[in-house]
Amino acid sequence: MQFQFANQGLAWSDAYFLAQGLLNTVRLAAAATLVGTLAGIVLGWLRTVSMTVRIATAPFIDILRSVPMIIQLILANSLLSILGFGTSPFWFGTVALGAWMSAVTAEVVRASLLSVPVQYRKSARSLGMNGYQELLYISMPLAFRTGLAPWIGLVLSLIKDSALAGVVGYIEYMRSTQILITRTHETWLLLMGAGLFYFLICYPVSRYSRHLERKVRV
Amino acid sequence: MIRISNVQKAFGSVIVLKGIDLTVEKGELVCLIGASGSGKSTLLQCINGLEPIQGGEILVDGISVHDPKTDINKLRSKLGIVFQQYNAFPHLTALENVALAPRVVTKRSRAVARALAQKHLEHVGLGDKGDSLPSQLSGGQQQRLAIARALAMEPSYMLFDEVTSALDPELVGEVLETMRLLKSEGMTMVVVTHDINFARESADRVAFLCQGEVCEIGTAEEVIDNPRKEQTQKFLRRENRKPLEIVRSSVA
């Protein structure tokens with residue numbers, strides 16, 4: 001009897017497998033962007049108003065910004081497992097990528113808020129607005145214009161970094177590509193395809209940001 | 001009535017105001033003049049609580065500005081202030097600039113706030129500029145916009161902080177015209193200015209500040225035309241000289 005590998009070449013059913021991986025990448029990136037951005041806005045704002053918060057959160061920001069994502073993912077995975085959170089790889093990825101996103105977004109938010117000229121804030125306060133009204137109607141809209149472009153850069157970076165979530169067992173697009181490469185040895189074709197699809201996810205994001213930037217320019 | 005009594009103010013170790021006493025009656029226009037660094041602008045920003053003070057008291061209609069128990073935001077809507085830099089919010093149109101505070105501070109409906117804003121824009125001669133962004137307006141127009149924005153809170157007092165100093169000379173007139181209009185309508189105004197001519201023709205009283213103190217106060221005729229104190233005379237002589245002469249004398 002002759003031994004034979006099943007389905008050694010690429011088959012149409014693999015396209016479905018890849019599409020699932022692609023969808024997982026988009027889900028993970030979207031979830032981490034949402035969680036990280038919301039947390040980052042709050043953190044960044046707190047860091048502008050309170051010296052205590054700034055000092056207390058500095059290690060969080062510095063460590064997350066400086067340690068490679070792959071190490072963070074593995075550590076987060078181990079830590080959460082030890083603590084008994086037997087959740088899905090999707091949540092491990094979201095927590096790790098979201099934490100990184102919150103740290104880097106916080107710095108963009110902080111810098112953008114600090115770039116709002118003090119005379120606008122003074123004017124707003126002199127009209128009787130309280131601190132929160134000033135933040136909502138003056139500082140945040142102006143900071144948004146400054147922070148939009150760097151923030152989009154972070155989102156693109158996050159989409160690409162999500163490719164590392166394979167190490168915690170999440171079958172995102174890169175992981176599914178690697179699985180197929182291992183089986184079929186169609187390295188070139190599959191990697192070209194993966195590169196193309198990452199580009200197709202990222203390009204609209206950066207196009208849209210450019211459009212938004214033009215629209216809100218003052 | 002604004003009553004300033006024995007106000008002291010320091011930035012770190014630099015003492016800016018050394019016990020200022022000044023009273024501004026309802027309907028009065030008081031000009032504060034003095035050299036740069038004499039504390040005029042600081043005093044103005046103390047009046048609406050933008051700057052904290054280290055001693056003394058400022059009462060606006062009997063309410064203490066720096067008392068922590070005072071609702072400062074409510075008090076500030078009584079005190080309009082216009083700065084040297086026009087500070088029109090760059091992301092809002094002229095109309096939105098004026099309508100914002102009535103809508104969020106005094107909680108008027110959007111329609112009412114916009115109608116109010118339009119009224120005040122017309123008041124300062126910008127009725128047709130409602131849809132323009134500040135970047136599309138000239139310096140003089142932006143400064144009038146800032147005046148309209150302050151007026152929309154329907155303040156009892158207007159504070160002007162060197163509002164014409166950053167303007168091109170040909171744009172100064174339109175802003176002064178707007179201020180004269182307010183004066184003719186009976187607005188109580190405190191005006192920090194380098195424009196001695198404006199002070200002479202419009203002020204009910206002129207206060208000359210020197211090194212953090214009120215050096216001389218009285219009618220324009222008394223302080224500007226017949227100053228008694230030596231510092232006032234020196235300051236006015238310098239102000240009256242043409243800039244070219246100052247250059248010449250410093251070169252010579």
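Contacts within chain A come first: in this predicted model, 80% of the chain A contacts with a separation of 6 or more join residues 24 or more positions apart.

Select chain A as a whole and colour it by secondary structure. Eight helices and zero strands appear, and the order along the sequence reads α-α-α-α-α-α-α-α. The radius of gyration of chain A is 21 Å, well over the 17 Å that the globule rule gives for 218 residues, so chain A is more spread out than a compact globule. Aligned to the principal axes, the C-alpha atoms of chain A fill a box of roughly 90 × 45 × 25 Å. Of the 218 residues in this chain, 35% count as buried.

Next, display chain B and select the contacts between the two chains. Here 16 residues of chain A are in contact with 21 residues of chain B. On the chain A side, the elements that contribute two or more residues are α5 (118-126) and α6. Helix α5(A) gives the most, with six residues. By character, the chain A side divides into eight nonpolar, six polar and two charged residues.

Finally, select residues 94-104 of chain B, which form helix α3. Is this helix mostly covered or mostly uncovered? It is mostly covered, with eight of its 11 residues buried. The buried positions are B:Ala94, B:Leu95, B:Asn97, B:Val98, B:Ala99, B:Leu100, B:Ala101 and B:Pro102. To see what surrounds them, add α6 (131-161) of chain A, together with α4 (110-123) and α5 (139-151) of chain B: the buried residues of α3(B) pack against these helices.

Key
Residues numbered from 1 in each chain as written. Chains lettered and ligands numbered in written order. Predicted model: local features only at pLDDT ≥ 70, side-chain atom pairs only at ≥ 80, totals over all residues. Buried ≥ 20, exposed ≤ 12 C-beta atoms within 10 Å, placed from the backbone. Helix = DSSP H or I, 4+ residues; strand = E, 2+ residues; numbered from the N terminus. Contact = placed C-beta atoms within 7 Å. Rg over C-alpha atoms; globule rule 2.2 N^0.38 Å. Nonpolar A, V, L, I, M, F, W, Y, C, P; charged D, E, K, R; others polar.
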